[in-house]
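Colleague: Could you take me through the core of this one, and what packs around it? I'd like a close look at that single part, in one go.

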Amino acid sequence: MERLTIKDLLNNYSRHLHQNITIEGWVRAFRSNRFIALSDGSTILNLQVVVDFEQFDEEIIKNIKTASSLKITGEVVESQGAGQSIEILAKKIENLLTILFLKLIHKRRVVVVSEAMFENFYSSKVVFFLKK
């Protein structure tokens, strides 16, 4: 499996059709619990990721928000909709901030100062500090 930038993928999409790839970026928009507009800064264009919400845990879908940092693995297919030539059919979605946060907690490098639960770390009520 190959990790690409969105710019590389859009410029050479025919080479990657019907192949599994991994792409990382942040969410520009998430519509109808089904369509993620993903950006990685390599181009001003977004890549559409199609999420079959019945395939994924509800917690994963619930935590996809604008500006979430995601690592998505999926198949490159020709787009059925207007506005883009290709899209990714998501097979695996990882929230990179959550993974980083859990690694920091595991290594005891972070102190959480809040009464809020971890699931609410997007809110301003959760504050954490990195230890030296």
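Modeller: Let's fix one term before anything else: buried means under 20% relative accessible area, exposed means over 50%, and partly exposed is in between, with a 1.4 Å probe and protein chains only. On that scale, 34% of the 132 residues of the protein chain count as buried. Keep in mind that this is a predicted model, so local features need pLDDT of at least 70 and side-chain atom pairs count only at pLDDT 80 or more, while totals for chains, interfaces and linings use all residues. Residues are numbered from 1 along each chain as its sequence is written, and side-chain values use heavy atoms, with hydrogens and water left out.

Now the layout. Helices (H or I, at least four residues) and strands (E, at least two) are DSSP runs, numbered from the N terminus. The protein chain has four helices and eight strands, in the order β-α-α-β-β-β-α-β-β-α-β-β.

On to the core itself. A nonpolar core here is a set of buried Ala, Val, Leu, Ile, Met, Phe, Trp, Tyr and Cys residues joined through side-chain atoms within 4.5 Å. The largest one has 23 residues, and Leu9, Ile36 and Ile72 touch the most other members. Two or more residues come from each of H1, E2, E3, strand E4 (47-50), E5 and strand E6 (86-95).

Start with Leu9, which sits in helix H1 (residues 6-11). Leu9 counts as buried because its relative accessibility is 0%. For neighbours, contact means heavy atoms within 4.5 Å. Not counting residues up to four places away in sequence, Leu9 touches Leu4, His16, Ile21, Ile23, Leu47, Val76, Ile86 and Ile88. Take Leu47 from that list: 38 residues separate it from Leu9 in sequence, yet C-alpha to C-alpha they are 9.1 Å apart. Over the protein chain, 46% of the contacts with a separation of 6 or more are between residues 24 or more positions apart.

Ile36 also has Leu47 as a partner: leaving aside neighbours within four places in sequence, its contacts are Val27, Ala29, Phe30, Leu47, Gln48, Val49, Val51, Ile64, Leu70 and Ile72. Phe30 is the bridge partner of Ile36 in E3 as well.

That brings us to the strands, where two count as paired if DSSP finds at least two bridges between them. E2 and strand E3 (residues 35-39) run antiparallel, joined by five bridges. They form a hairpin with three residues between them, and Ser32 in the turn has a positive phi of about 55°. Strand E2 (residues 20-31) also pairs with strand E5 (residues 69-78), again in the antiparallel sense, over seven bridges; there, Asn20 stands opposite Glu75 in E5.

Just ahead of E5, look at Ser68, in the loop between helix H3 (58-62) and E5. Ser68 counts as buried because its relative accessibility is 4%. Its side chain reaches the backbone oxygen of Lys65 at 2.9 Å.

Last, the charged pairs. A salt bridge is a side-chain nitrogen of Lys or Arg within 4 Å of a carboxyl oxygen of Asp or Glu, and the count comes to two. One joins the side chains of Glu59 and Lys62 at 3.2 Å, N to O; being three residues apart in helix H3, these two are separated by about one helical turn. Glu59 is partly exposed at 33% relative accessible area, and Lys62 is partly exposed at 45%. Glu94 forms a salt bridge with Lys92, with the closest N and O atoms 4.0 Å apart.

Conventions: Polar contact = N/O pair within 3.5 Å; in protein donor to acceptor, adjacent residues only side chain to side chain.
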